[in-house]
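Hi,

Here is the structure I promised to pass on to you. Have a look at it first, and then read my notes below.

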Amino acid sequence: MEAKAGDNPDSLMALTTAFCLRNLRRTMCYLGERNKLCLRSDVFLPSEICDKLVNTYTELVHMDSNFEPQDGFFQLFSDPHSTRLTRVQLREDFVRDRDLEAIGKQDLIELHLTNCNNLSAHSLRTLTRFRQTLVSLSLFGCSRIFYRKGGAPLACDEEEEEERPASKQAPETDFSFQGFNRLRLLNLGGLPEEVDAEALLKPLPALTSLDLSGVPLPKAAFLAHWKERLASLVLYNVDLSEELINTVVELGHLRHLDISRERNSKFKMTRKILTAIVQGLVNLVSLDISGHIMLDNCTVPHFEEVTGSKNEDQVLNAIEVYTEFRPELAHRAINQLFDIARIQHCSQLLRALQLVIAALKCHKYDKSIQVTGSAALFYLTNTEYRSDQSVRLRRQVIQVVLNGMEQYQEVTVQRNCCLTLCNFSIPEELEFQYGRVNLLLLKILEPARQDESIQRIAVHLCNALVCQVDNHHKEAVGKMGFVKTMLNLIQKKLQDRMCDQVMEFSWSALWNITDETPDNCQMVLFCQGMLGFEFPDKQELHRNMLGLLGNVAEVRALRPQLLTPQFISVFSNLLDSKADGIEVSYNACGVLSHIVFDGPDAWAMEEPLRDMVMDKMMDAIQSWDVTSRRNINYRSFEPILRLLPQSIAPVSQHWATWALFNLVSVYPSKYCPLLIKEGGIVLLEKVLELQTSHEETKDMARKVMEQCENFKEDPMETTR
């Protein structure tokens with residue numbers, strides 16, 4: 001049997017790293033003085049492990065809402081005698097000056113900082129500590145690192161400086177790359193206009209790769225300084241000029257050139273310019289000129305295999321190349337993928353899913369990526385593609401979808417994410433994130449006036465999540481406010497005199513969540529929910545409501561609250577209902593069976609009389625077809641079985657016996673084993689022994705026992 005695409009388990013290294021980071025005090029750390037996190041004295045970690053710990057920590061902080069950042073985490077790597085760091089990747093705003101300073105004694109080879117907007121010029125001083133060893137450095141999107149905080153001089157108090165936001169009032173002019181003699185790869189994308197790129201870069205003798213995306217280059221001739229070494233040059237969104245093109249053509253060792261752009265430019269790409277680039281740069285293997293206005297039918301036959309939107313390969317290449325540093329272009333490419341998956345067929349499903357997941361992880365704060373990415377995931381996870389997806393891959397999809405729901409309350413993102421979740425088997429595939437997904441859905445349903453389509457999808461998901469799950473799950477979700485949220489939705493619909501799918505799903509969800517969970521049943525009774533019977537033609541609604549009230553009636557302590565003339569009259573009248581086959585009548589009779597089981601002393605009403613209600617129940621039961629196929633699902637017979645060995649309410653015993661006879665006759669393979677397992681045969685034998693049992697009841701009890709005996713002899717029988 002072949003493994004599904006991408007079905008490789010996480011490596012032991014990855015699993016162990018994540019476990020240690022989630023359990024630092026139980027594994028490698030202890031709390032020292034003033035609750036400071038300290039590394040144990042017997043711990044010595046090589047760079048392979050330290051790099052993994054730091055980089056995974058960054059990913060967990062960025063992606064996992066349940067992961068709590070640890071104050072002083074980077075201080076654990078302050079001593080190179082016990083911990084060695086060589087390759088570090090940090091991103092987003094959680095990184096502070098003090099974090100970089102904490103690892104200042106390490107011999108870093110690679111340091112990639114991406115969109116770290118809380119770093120100031122203080123971190124530039126820290127960078128100089130790595131000048132002897134650093135080979136690769138990225139400061140992409142870290143524009144504030146070139147400014148002092150609050151315009152303060154670098155000599156200000158460091159604790160005070162930490163509290164000040166980085167300001168663009170005082171650019172740092174003292175920093176220099178002098179001494180960074182080993183630096184080969186440098187990314188300064190987004191370098192502020194006030195910083196002189198030429199002066200900053202000139203001390204670097206060994207550059208082979210340079211990214212100056214979005215950097216103003218009024219004088220570009222200085223780039224020729226590296227014409228004997230530079231193999232890769234990225235000038236994305238840089239305003240091109242004749243001088244700049246002439247300088248670029250001099251860089252004869254270039255293998256990769258990117259002069260693409262996202263926005264329009266006055267510069268026009270002509271055939272002459274393109275020919276000069278291609279003929280002058282003889283070592284070129286990749287060229288990106290996307291986004292330029294092309295004149296004179298500019299085409300270069302040898303460069304057709306790059307990114308674009310011509311076919312699926314080009315679209316996926318574009319997503320892969322542009323995701324990290326060019327979300328605006330990645331967004332366009334994902335939009336193209338969305339059309340391919342929706343209208344045509346995605347032939348590279350694994351790669352497409354992995355790329356969209358990576359984009360959503362990398363840009364969880366970018367609304368446009370979240371909108372297009374979540375829309376693409378909806379089509380990439382639907383039934384057409386499902387058989388090719390592994391459990392691990394589908395779990396990754398679920399996690400990025402939930403991240404999107406957490407980050408954005410915007411209607412389109414929420415709708416896309418909810419629709420994508422509908423492509424999964426619920427609750428099975430969502431159980432690993434059960435509490436989290438329920439909380440997010442309940443949050444969506446909190447606003448009184450929510451988008452109708454989102455409300456309908458979210459209630460449907462809530463209902464599916466509490467169907468066929470263990471009671472402890474139901475109890476936990478009930479405490480989250482599930483019952484109250486559903487009741488609020490119902491109350492709002494009642495006020496609007498509207499009975500729609502939201503109301504039906506809400507009652508169904510309450511029916512499911514109250515099954516064998518007394519605490520949730522108690523919560524339900526705070527609602528004036530019986531008003532729902534004001535919609536006489538809504539059969540599905542009545543079935544769901546009665547199913548819910550049947551669960552309430554199974555809780556002895558709550559039954560007195562149902563013993564009111566209003567409730568009993570409604571249940572009694574519904575015994576005559578032919579709605580939804582026998583379901584409404586059956587459920588109404590079930591509620592009354594539990595109530596009359598408490599005996600005549602508990603019946604503290606003059607009207608309606610208990611005997612009259614019981615007579616009506618018996619008439620209803622005798623009118624039902626015992627071969628009726630059912631729209632109901634029992635996980636346990638316990639609530640029914642407790643009504644068997646008793647004489648205080650023979651009609652309740654009769655209802656319970658009929659229910660068992662119907663279920664084991666129509667669905668023997670499902671319900672015969674369940675009845676045998678739960679000791680039902682012994683209880684049915686007691687029914688036969690009781691003088692108070694009706695003969696008709698005894699006759700049905702014998703048939704139930706006979707059906708189960710036949711099933712044991714021939715278990716292959718599945719239908720009557």
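Helix α23 passes helix α25 in a left-handed crossing (the near helix is turned anticlockwise from the far one by less than a right angle). Their axes, lines fitted to C-alpha atoms over the stretch in contact, come within 9 Å and cross at roughly 20°. The two helices, α23 and α25, are therefore roughly parallel (angles under 35 degrees count as such). Among the residues making this contact (heavy atoms within 4.5 Å) are Leu 546 and Gly 550 of α23 and Val 584 and Val 591 of α25.

This is a predicted model, in which local features need pLDDT of at least 70, side-chain atom pairs count only at pLDDT 80 or more, and totals for chains, interfaces and linings use all residues. Residues are numbered from 1 along each chain as its sequence is written, and side-chain values use heavy atoms, leaving out hydrogens and water.

Next, try helix α1, residues 12-22, where Thr 17, Ala 18, Cys 20 and Leu 21 are buried (under 20% relative accessible area, with a 1.4 Å probe and protein chains only). Seen down the axis of α1, these buried residues fall within an arc of 160°, so they line one face of the helix. They pack against α2 and α3.

Finally, find Cys 418 in helix α16. Cys 418 is buried, with a relative accessible area of 0%. Beyond its neighbours within four places in sequence, Cys 418 is in contact with Met 405, Leu 441, Ile 444, Ile 457 and Leu 461.

Enjoy exploring!

Best wishes

Terms used. Axes are lines fitted to C-alpha atoms, for helices over the stretch in contact, and angles run from 0 to 180 degrees between N-to-C directions. Helices (H or I, at least four residues) and strands (E, at least two) are DSSP runs, numbered from the N terminus. Angles under 35 degrees count as roughly parallel, over 145 as roughly antiparallel, 65 to 115 as roughly perpendicular and the rest as oblique. Buried means under 20% relative accessible area, exposed over 50%, partly exposed in between (1.4 Å probe, protein chains only). The arc is that of the directions from the helix axis to the C-beta atoms.
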